[in-house]
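Trainee: I am new to this structure and would like a close look at a single part of it, explained slowly.

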Amino acid sequence: MHLWWLDAVLYEVYIRSFADSGGDGIGDLAGIATRLPYLRDLGVDGIWITPFYRSPMADHGYDVADHRDVDPLFGDLATFDALLTDAHRHGLKVLVDLVPNHSSNAHPAFRAALAAGAGAPERDLYIFRDGRGENAAQPPNNWVSVFGGPAWTQVADGQWYLHLFAPQQPDWNWRHPQVRADHDTTVRFWLDHGVDGFRIDVTHGLVKNDLLPDNPPAPGETITFFRERAEPHAWDQDGVHEIYQRWRAIVEDYDRRDGKARALVGETWVADPRRLARYVRPDELHLTFAFSLLAAPWSATAWRSAITEDLAATAEVGAPATWVLSNHDVIRPASRYGDGDGDGDGDGDGDGAIGLRRARAALLTLLALPGPVFLYQGDELGLPEVDVPPEARQDPVWERSGRSRPGRDGARVPLPWSEHAQPFGFSAAGVTPWLPQPDAWADLTAQAQASDPMSTLVLTRGALALRRALACLGGGALRWRDDLAPGCLAFDRPGVPGAPDQAGLTCVMSTAERDTTCALPGRLILASGPVGYDGVTLALPPDTTAWLAPR
Ligand code: GLC
């Protein structure tokens, strides 16, 4: 069986912001279909589509009211089936999002739980508890929501329910057999429709400490992603693993029947690489994002240790590390890496030139790493984070945090495809997209970049084409190089005997502040920016990556 995901490049489609075919300013399934040729020509192997299920959209689809139907905002099941057939015709795999930690508060099971009242068996599908203190007026424990505010909401009869995210996203009780069985049905439903796998939301959250003890007092600073140390009772509990064993068995059953391989990919925000690797043991998920690299600052040393640790930990369980620098929840690399003051809000880099240079270098290094890579829509255009005006912000994080955190809208602004003004080909002319697009994006459209040989789009296409063409890229070994210039991240991807590129490839990325030179006799294959090379010595400016074929 061809395990296609071992070296695949997958592209995250954040559906609301990819392409709008319906003229309502919100992306949809038919919109994705119109852009499949673009994705094929970009050279990715497949797409992950963020949730398109029935939802009141309190968290833009991550609050699911019916996991086995399409929300009319995005199309219907027939549109999905047509998109899947089309994607497969273009040679693209399709992963869909599975959101098992919570449902929407509009889910029939949650409505039934509310209606049934305290103590009713319907409440056991979620996590309802009595409050503490006088009149049980205090929440059952001190847990806080990832989006800000308490993780508990009180209902009319006085009980409280747990939501690790927004109040509109009540957490399922994964100890309940009905919850397990219902999700099995959902997994089978989409497999029956022909999907190639799932990206699974918040895999480290499904099971909580049964006793729901208080977490240690909250630290002063805001914790955003890796939360298991500060909140040890809510995340990364041992009980989650049997759920993934269950789904792995279901998926393998399908694989055996038709000889095709399907992938389970976890969104697991767990900082310790060894704890993370437990999610990709041979009978669990196939892949899980290596977020430590995404979280690493712009420094060769930090990158090297993140990559080394992830490779070592996943190798121990026989899985590849899954590389990613960007998604719909984090600040876009072109702003994040340019952030001079280091606070991660992307505001430190006046004209964005440093950030873009680093994002291009990072992308090229990412694509040279062994194992699968996920790109986020717009990475290939080098899009920056957008400072969405407060009145236009839609992410629940903004309000839930008492307007102290801007939220994730800045990474979710609809893509600029063409033309010179909003909506830049995202929607039909005259339609206002759901988040405003900056005027400056006129220079960053896919159309404008397609004819500019120095553009990030052309760079990405080139890198992806080489990744396909060269046997030494994709899966395989990585050997660190210590003999090159300090401040550089340098590694070899050894050549594959018998392949035309037997010499392999050396990838060098400079995060140094000054120009560096490295002795590297060979051929220059690709670079993220201007470099000097005479066939022997590479002159590498700061924030640049080069791929070379050694002699
Ligand atoms: C994941 C999603 C994020 C969502 C959250 C709750 O982290 O990527 O967008 O808000 O889960 O479902």
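In what order do the strands of the open sheet of three strands lie, and is their pairing parallel or antiparallel?

Mentor: Before the details, please note that this is a predicted model, in which local features need pLDDT of at least 70 and side-chain atom pairs count only at pLDDT 80 or more, while totals for chains, interfaces and linings use all residues. Residues are numbered from 1 along each chain as its sequence is written, and side-chain values use heavy atoms, with hydrogens and water left out. The open sheet has the order β6-β8-β7, and its pairing is antiparallel; here strands are DSSP runs (E, at least two residues), numbered from the N terminus, and two strands pair if DSSP finds at least two bridges between them. At the edges lie β6, residues 128-129, and β7, residues 152-154, each of which pairs on one side only. Strand β8, which covers residues 160-162, runs antiparallel to β6 and is joined to β6 by two bridges. Looking at single residues, Arg 129 has Trp 160 in β8 as its bridge partner. To place these strands in the whole protein, it helps to know the domain bounds, which come from an automatic or database domain assignment: domain 1 takes in 4-102 + 177-387 + 438-459, domain 2 spans 108-162, and domain 3 spans 477-549. Taken over C-alpha atoms, the centres of domain 2 and domain 3 are separated by 56 Å.

Terms used. Helix = DSSP H or I, 4+ residues; strand = E, 2+ residues; numbered from the N terminus.
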